[in-house]
Amino acid sequence: MTIVAATKYVPLGQMAALIEAGVTVVGENRAQDLEAKHAEYGDAFRWHFIGHLQSNKVKVVNRICELVHSLDSDSAVRRLEVPALLQVNLAGEGSKSGVAPEAIDQFLGYDVRGLSAMPPAAASPEQSRQWFSTLRGLAERHGLDQLSMGTSQDYAVAVEEGATHIRVGSVLFRD
């Protein structure tokens, strides 16, 4: 399993703390922050992109990242040169990116290695289990073996349900 340190809210100067802690994989949400952090820390990390991928930002991601967790558009997939996980909007939430489960087949001709998802907000980690289980079933059905699911709030349940990547941020920087 790969633990991805989500660095969306980590200022450039605090990235050094991740190196000192032995973190090797970081995930960034915004292409411009990815560029700035990579310019400063380069090969100190393996870089993943975990935010909404706009097709006009794919060039940056291709140059820096080894994996994208958030592929969800035809225009981005045609430009992408690195492996990706297809983001699935399991609950059909309008506020979240991702493809509908029935659209997964449309992306399988590209370098899609697995699926990712962010479940609906929940009061307890256990409430995310059904969504993680559903994502695992979709991945199995389509012959995909990578699952990016789980965050600082629910990573333990995600691991129990088969996550191969978890994205944690706030648990790394608690006071």
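Exposed means over 50% relative accessible area. By that cut-off, Arg-63 is exposed, because its relative accessible area is 53%. The legends below describe close-up views of a predicted model.

**View 1. Arg-63 and Glu-35 join in a salt bridge.** Their side chains meet at 2.9 Å, N to O. Arg-63 lies in helix 3, residues 58-64. Glu-35 lies in helix 2, residues 31-41. The pair therefore ties together parts that are 28 residues apart in sequence. Arg-63 is exposed, while Glu-35 is partly exposed, with a relative accessible area of 34%. Elsewhere, salt bridges that share partners build one network. Its members are Glu-126, Arg-129, Arg-136, Glu-140, Glu-160 and Glu-161. The structure holds 12 salt bridges.

**View 2. Lys-37 pairs with Glu-28 in a salt bridge.** The closest N and O atoms are 2.8 Å apart. Is each partner buried or exposed? Lys-37 is buried, at 5% relative accessible area. Glu-28 is buried too, at 0%. Side chains of opposite charge can pair when their charged atoms come close.

**View 3. Glu-28 sits in strand 2.** The Glu-28 side chain makes a polar contact with the side chain of Thr-7, at 2.6 Å. Which residues touch Glu-28, leaving aside neighbours within four places in sequence? They are Thr-7, Lys-8, Asp-33, Leu-34, Lys-37, His-48, Phe-49, Ile-50 and Gly-51. Lys-37 in this list is also the salt-bridge partner of Glu-28.

**View 4. Arg-30 and Asp-33 form a salt bridge.** Their side chains meet at 3.2 Å, N to O. Arg-30 is partly exposed, with 32% relative accessibility. Asp-33 is also partly exposed, with 23%. Asp-33 is in contact with Glu-28 as well.

**View 5. Helix 2 has a buried side.** Which residues of helix 2 are buried? They are Ala-31, Leu-34, Lys-37 and Tyr-41. These residues cover an arc of only 125° around the axis, so they lie on the same side of helix 2. The buried residues pack against helix 1 (15-20), strand 2 (25-28), strand 3 (46-49) and helix 3. The face turned away from the buried side carries the exposed residues Ala-39 and Glu-40. After helix 2 comes Gly-42. The phi of Gly-42 is positive, near 35°.

**View 6. Tyr-41, Phe-45 and Trp-47 form a cluster linked by ring pairs.** A pair of aromatic rings is described by the distance of the centres and the angle of the planes. The count of aromatic pairs comes to 2. Phe-45 and Trp-47 make an edge-to-face pair. Their centres are 5.6 Å apart, with 80° between the planes. Both Phe-45 and Trp-47 are buried. Tyr-41 is buried as well, and belongs to helix 2.

**View 7. Arg-167 is buried yet has no salt bridge.** Arg-167 is found in strand 8, residues 165-168. Which side chain of opposite charge is nearest to Arg-167? It is Asp-154, 7.0 Å away. A salt bridge needs the nitrogen and the carboxyl oxygen within 4 Å. Polar partners are present, though. Arg-167 and Ser-148 share a side-chain polar contact of 2.4 Å. A polar atom of the Arg-167 side chain also lies 3.3 Å from the backbone oxygen of Ala-117. Leaving aside neighbours within four places in sequence, the contacts of Arg-167 include Val-4, Ile-50, His-69, Met-118 and Thr-151.

**View 8. Arg-113 lies in strand 6.** This strand spans residues 112-116. Arg-113 is partly exposed, with a relative accessible area of 36%. Not counting residues up to four places away in sequence, Arg-113 touches Pro-83, Ala-84, Leu-85, Leu-144, Asp-145 and Gln-146. How far apart are Arg-113 and His-69 in sequence and in space? They are 44 residues apart in sequence and 9.7 Å apart in space, C-alpha to C-alpha. His-69 is also one of the contacts of Arg-167.

Methods. Residues are numbered from 1 along each chain as its sequence is written. This is a predicted model: local features need pLDDT of at least 70, side-chain atom pairs count only at pLDDT 80 or more; totals for chains, interfaces and linings use all residues. Side-chain values use heavy atoms; hydrogens and water are left out. Buried means under 20% relative accessible area, exposed over 50%, partly exposed in between (1.4 Å probe, protein chains only). Helices (H or I, at least four residues) and strands (E, at least two) are DSSP runs, numbered from the N terminus. Lys and Arg count as positive and Asp and Glu as negative; His and the chain ends are not counted. A polar contact is a pair of N or O atoms within 3.5 Å; within protein, one must be able to donate a hydrogen and the other to accept it, and residues adjacent in sequence count only if both atoms are side-chain atoms. Contact means heavy atoms within 4.5 Å. The arc is that of the directions from the helix axis to the C-beta atoms. Rings of Phe, Tyr and Trp (its six-membered ring) pair if their centres lie within 6.5 Å; planes under 30 degrees apart count as stacked, over 60 as edge-to-face and the rest as tilted.
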